[in-house]
Amino acid sequence: MGTIEVGTASWTDRTLLDSGWYPQTADTPEKRLAHYARQFPVVEVDATYYGPPAEQTTRLWAERTPPHFTFNIKAFSLLTGHPTRVSAIYKDLRPQTEKKNVYPDDLPPQTYEEIWSRFLSALDPLHEAGKLGAVLFQFPPWFGIRRANKEYLREVAARCKPLRPVIELRNASWFDGANRNETLDFLRAYGLPFVCVDMPQGHRSSVPPVLAATADLAVVRFHGHSDKWTSKDIHEKYGYRYSADELAEWAPKLRALADGAQHTQVFMNNCYRDYAQTNAADLQRLLAAET
């Protein structure tokens, strides 16, 4: 069985800071990151979806964390085909447009290439320090199973080398009937780790909780089961605390998943107040008790 590491999808959320999870002495970003890194071995950075990181920032992350601590970085929204705020694009690359949001096809090809290049280059300090786990590519609900989208997944794999992309799909067509095995076999063929998810069902973005390892790395993200999943308020959307019974049901499933991979990462993405941190700590204890 491979190793399992548990973390959360944020350490800077405003509601987390207000929750009292951090001790009063952790009163700076540096001290908060250090405190987090004493509790968990890995963190997922979701802020990079909304705006690409600066190389200076990733260098500070690398310097402020202990050896073997790992960051997973969520890909900038433009790179996964999501609508992207013009103001989030590098200032010198912003298109002259009255639109508030743009898609890749709204940009000149050279600009799009430069955004890819700068985003990946900004991760160099983490990669060089051995602290970059993977780059999360979470695709939108309209990214269904079809040849062009499979081609783009291959393109992502090629662009990211030597970095490690991991793939989260939010369209159920990838898992309908025989498509499920086809999708998993496709990812295996290109060495792309599949991101398993636990999330509310019955919505446009819902996918089933398929647990499968398609590479030596497996990733699981817990989004919660909020009954306000369609809310535009991100805290209503993710404001769900897993019960002890729910986590107890998941622990053996995660162990079984880890049997098929060298390394498994688990992220609690129910980021409201200290829900994610508390659930991650609980899950760590459950998994440790089974060893």
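Let me start with Phe137, which, once its neighbours within four places in sequence are left aside, is in contact with Ala75, Leu79, Thr80, Trp116, Val156, Cys160, Pro165, Val166, Ile167 and Glu168, where contact means heavy atoms within 4.5 Å. I should say at once that this is a predicted model, in which local features need pLDDT of at least 70 and side-chain atom pairs count only at pLDDT 80 or more, while totals for chains, interfaces and linings use all residues. Residues are numbered from 1 along each chain as its sequence is written, and side-chain values use heavy atoms, with hydrogens and water left out.

Phe137 also belongs to the largest nonpolar core, which has 93 residues and in which Phe71, Phe119 and Phe137 touch the most other members. By a nonpolar core I mean a set of buried Ala, Val, Leu, Ile, Met, Phe, Trp, Tyr and Cys residues joined through side-chain atoms within 4.5 Å, and buried means under 20% relative accessible area, with exposed over 50% and partly exposed in between, for a 1.4 Å probe and protein chains only. Helix 10 gives the most to this core, with 6 residues; helices here are DSSP runs of H or I with at least four residues, strands are runs of E with at least two, and both are numbered from the N terminus.

One of the partners of Phe137 is Thr80, and Thr80 lies in the loop between strand 3 (70–74) and strand 4 (84–85). Is Thr80 buried or exposed? Its relative accessibility is 3%, so Thr80 counts as buried. Beyond residues up to four places away in sequence, Thr80 touches Tyr49, Ala75, Phe137, Gln138, Phe139 and Pro140, and its side chain makes a polar contact of 2.8 Å with the side chain of His82. A polar contact is a pair of N or O atoms within 3.5 Å; within protein, one must be able to donate a hydrogen and the other to accept it, and residues adjacent in sequence count only if both atoms are side-chain atoms.

Another partner of Phe137 is Cys160, which brings me to the cysteines. The structure holds 0 disulfides, a disulfide being a pair of cysteine sulfur atoms within 2.5 Å. Cys160 is accordingly in no disulfide, and the nearest cysteine sulfur, that of Cys196, is 19 Å away; Cys160 is buried, with a relative accessible area of 1%. For Cys271 the closest cysteine sulfur is also in Cys196, at 18 Å, which is too far for a bond, and Cys271 is buried at a relative accessible area of 15%.

Cys196 leads into the strands, since Cys196 stands opposite Val220 in strand 9. Strand 8 (residues 195–198) and strand 9 run parallel and are joined by 4 bridges, and two strands pair if DSSP finds at least two bridges between them. Strand 9 is mostly covered, with 6 of its 6 residues buried: Leu217, Val219 and Arg221 point one way, and Ala218, Val220 and Phe222 the other. On to strand 10, which runs parallel to strand 9 and is joined to it by 6 bridges, with Val219 opposite Gln265. Strand 10 (residues 263–268) is also joined by 6 bridges to strand 1, again running parallel, and there the bridge partner of Val6 is Val266. Strand 1 (residues 3–8) has 5 of its 6 residues buried, and 2 bridges join it to strand 2 (residues 42–45), also parallel, where Thr8 has Val43 as its bridge partner.

After strand 10 comes a loop leading to helix 11, and in that loop is Arg273, whose phi is near 50°, a positive value in a residue other than glycine; Arg273 is partly exposed, with a relative accessible area of 32%.

What span should the 15 residues of helix 11 have? At 1.5 Å a residue, helix 11 (residues 275–289) should span 21 Å, and its end C-alpha atoms are 21 Å apart, which agrees; the expected span is 1.5 Å times one less than the number of residues. Its buried residues, among them Tyr275, Asn279 and Leu283, pack against strand 1, helix 1 (14–19), helix 2 (29–39), strand 9 (217–222), helix 10 (244–258) and strand 10.

Two backbone details remain. The peptide bond from Lys161 to Pro162 is cis, with omega near 5°, and Pro162 is placed in the loop between helix 7 (147–160) and strand 7 (165–168). His68, in the loop between helix 4 (55–63) and strand 3, has a positive phi of about 75° although it is not a glycine, and His68 is exposed, with a relative accessible area of 72%.
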